[in-house]
Amino acid sequence: MRDGLGNRIAGVALGLGARAGVMGDQAPTAWAETPPPSERFTLVMGGEAVKDNTTGLIWEQSPDLIHDVWSASVARCPPKTVGGQRGWRAPSVQELKSLIDPSQKDPALPQGHPFSNIKSAIYWSTTPSTSDDITAWQMSFFSGEAVTDQKSGTRRVWCVLGGGGPAAK
């Protein structure tokens, strides 16, 4: 039997564990401290892409406006050339979540970010749902929330370069 202090310590430990990443079929959370946008983001590739100096990922500065089903959206990144660079891919939900500023809405990005065409958009991730093979994780840049939806729904994709790829769920 635990005393009151033991219960509080166990509760804090459980809470910290929940913040570390995906638990079951919950979206991961971004808890890292990040620098201001002027230090965090750098325009690269002639201004066609943005390097996130916190994660090392390179994002399209202006994702395309095409809405498509999950499979077509994810397949659209690899053949892309942005800023003269190939090798783009669709991001994991954790990678998309790394861009979110929970204090902001519409878009839920840090104030002063260098991206365009983001407001109110929802983006597919490569992260499948662990509870249902017909759903995948997506990120709303209106609300800053990650949710699952059927892969037959139409959403946008925001291609990324670098990082761990689809395995980085």
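Which residue in the turn of the hairpin formed by S2 and S3 has a positive phi? In this predicted model, the residue is Gly56, with a phi of about 85 degrees, and five residues lie between the two strands of that hairpin.

Local features here need pLDDT of at least 70 and side-chain atom pairs count only at pLDDT 80 or more, while totals for chains, interfaces and linings use all residues of the predicted model. Residues are numbered from 1 along each chain as its sequence is written, and side-chain values use heavy atoms, with hydrogens and water left out.

The hairpin belongs to an open sheet of four strands, ordered S1-S2-S3-S7 and paired in the antiparallel sense; strands are DSSP runs (E, at least two residues) numbered from the N terminus, and two of them pair if DSSP finds at least two bridges between them. At the edges stand S1 (41-44) and S7 (160-161), each of which pairs on one side only. S1 and S2 also form a hairpin, here with four residues between them, and Met45 in its turn has a positive phi of about 55 degrees.

| Strand pair | Sense | Bridges |
|---|---|---|
| S1 and S2 (residues 49-52) | antiparallel | four bridges |
| S2 and S3 (residues 58-60) | antiparallel | three bridges |

Within these pairs, Thr42 stands opposite Lys51 in S2, and Leu43 has Val50 in S2 as its bridge partner; Val50 in turn is bridged to Trp59 in S3.

Thr127 is found in strand S4 (residues 122-128). Thr127 is buried, with a relative accessible area of 5% (buried means under 20%, with a 1.4 Å probe and protein chains only), and its side chain reaches the backbone nitrogen of Val93 at 2.9 Å.

Notes
Buried means under 20% relative accessible area, exposed over 50%, partly exposed in between (1.4 Å probe, protein chains only). A polar contact is a pair of N or O atoms within 3.5 Å; within protein, one must be able to donate a hydrogen and the other to accept it, and residues adjacent in sequence count only if both atoms are side-chain atoms.
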